[in-house]
Amino acid sequence: MGLLRNVCRCLFMFVLLVSGTAGASELLAKADVRMPEPQQFKPDRFDISEVLVKKAERRLYLLDGEDVVRSYRISLGDNPEGHKLYEGDERTPEGEYLLDWRNDQSDFYKSIHISYPSPRDRELAEAWGLNPGGSIMIHGLPNEAGDMAFAYVGLDWTDGCIAVTNEAMDEIWQLVSNGTPIRILP
């Protein structure tokens, strides 16, 4: 009796397996095995009127009027608190500037220049006998980051720039035009 039960179970499992395989083969035969075209980022139709950075929150916001249409986690300079005073202080400036030009061949994954220093920034630095610096950008990760890209996320590691992931930089690059105002708050 036990042997008959085991044979029946094996036969039942065989039937299930064969019918399941036949069904799977039929489905596979009907499937479209061509690789789909890669999806390119297609920006929504926003008119980005301002970029807002809140240093304490480590967030960059893209605004369409009063509406936040995108938000990104950012990394700042190694010494992030306070306004940038001079070249080498590793601070990110605070105030109102413009995004005035871009570089797709920088040492970082794409970069958009912030119009720092303003005339007031120059005046303050010169009063101290210092150079205000000026190569402040929004950019992605270092080009040589490779497999270590994950190590940059969530840390303040720049010399005063505003860094985002490369994916975020691709969106910002496409959505933000040269001449867009940027407001950087403490």
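**Figure 1. Arg70 and Glu171 joined by a salt bridge.** In this predicted model, the side chains of Arg70 and Glu171 meet in a salt bridge, with 3.0 Å from N to O. Arg70 belongs to strand 3 (residues 67-73) and Glu171 to helix 3 (residues 166-175), so the pair ties together parts that are 101 residues apart in sequence. Arg70 has a relative accessible area of 19%, and because the cut-off for buried is under 20%, Arg70 counts as buried. The structure holds seven salt bridges, and the next two views show others: Arg183 with Glu50 and Lys84 with Asp89.

**Figure 2. Arg183 and Glu50, a link between two strands.** Here the closest N and O atoms of the Arg183–Glu50 salt bridge are 2.7 Å apart. How far apart in sequence are the parts that this pair ties together? The answer is 133 residues, because Arg183 sits in strand 8 (residues 180-185) while Glu50 sits in strand 1 (residues 50-54). The two partners also fall into separate burial classes: Arg183 is partly exposed, at 26% relative accessible area, whereas Glu50 is buried, at 17%.

**Figure 3. Lys84 with Asp89, plus the surroundings of Glu94.** Lys84 makes a salt bridge with Asp89, and their closest N and O atoms lie 2.8 Å apart. Are these two residues buried or exposed? Lys84 is buried, and so is Asp89. Glu94 is worth a look as well: you'll find Glu94 in the loop between strand 3 and strand 4. With 18% relative accessibility, Glu94 counts as buried. Setting aside neighbours within four places in sequence, Glu94 is in contact with Lys55, Gly82, His83, Ile184 and Pro186.

**Figure 4. Helix 3 and what its buried face packs against.** Which residues of helix 3 are buried? They are Ala168, Met169, Ile172, Trp173 and Leu175. An α-helix has 3.6 residues a turn, so residues three or four places apart point the same way. The buried residues of helix 3 pack against a whole set of strands: strand 2 (59-64), strand 3, strand 4, strand 5 and strand 6 (137-139). Trp173 has another partner to show off, since the charged end of Arg102 sits over the ring of Trp173. That charged end is 4.7 Å from the ring centre.

**Figure 5. Tyr97 and Tyr116, ring against ring.** A pair of aromatic rings is described by the distance of the centres and the angle of the planes. The structure holds three aromatic pairs. For Tyr97 and Tyr116, the centres are 6.0 Å apart and the planes are at 70 degrees, which makes the pair edge-to-face. Tyr97 is in strand 4 (residues 95-103), while Tyr116 is in the loop between strand 5 (111-114) and helix 2 (119-127), so the pair ties together parts that are 19 residues apart in sequence. Both rings belong to buried residues: Tyr97 has 6% relative accessibility, and Tyr116 has a relative accessible area of 1%.

**Figure 6. Tyr152 and Trp157, with Phe108 alongside in one cluster.** The ring centres of Tyr152 and Trp157 are 4.8 Å apart and the planes stand at 70 degrees, so this pair is edge-to-face. Tyr152 is partly exposed, with 23% relative accessible area, but Trp157 is buried, at 18%. Add Phe108 to Tyr152 and Trp157 and you have one aromatic cluster.

**Figure 7. Stepping back: the overall layout, and where to be careful.** The protein has three helices and eight strands, and along the sequence they follow the pattern α-β-β-β-β-β-α-β-β-α-β. Of the 186 residues, 33% are buried. Among contacts between residues at least 6 apart in sequence, 62% join residues at least 24 apart. The protein exposes about 11900 Å², and carbon and sulfur atoms supply 56% of that area. As for confidence, the mean pLDDT is 83, and 76% of residues reach 70 or more. Two stretches call for caution. Residues 10-18 stay under a pLDDT of 50, and the model gives this stretch zero contacts beyond four places in sequence. Residues 21-42 also stay under 50, and here the model has four contacts beyond four places in sequence. Where pLDDT is low, the predicted coordinates should not be read in detail.

Definitions and conventions
Residues numbered from 1 in each chain as written. Predicted model: local features only at pLDDT ≥ 70, side-chain atom pairs only at ≥ 80, totals over all residues. Heavy atoms only, no water. Phe/Tyr/Trp six-rings, centres within 6.5 Å; stacked < 30°, edge-to-face > 60°. Helix = DSSP H or I, 4+ residues; strand = E, 2+ residues; numbered from the N terminus. Buried < 20%, exposed > 50% of the residue type's maximum accessible area, 1.4 Å probe, protein only. Lys NZ or Arg CZ within 6 Å of the ring centre and 35° of its normal. pLDDT = per-residue confidence, 0-100. Contact = heavy atoms within 4.5 Å. Salt bridge = Lys/Arg side-chain N within 4 Å of Asp/Glu carboxyl O. Areas by Shrake-Rupley, 256 points an atom, 1.4 Å probe, with all protein chains shown as cover.
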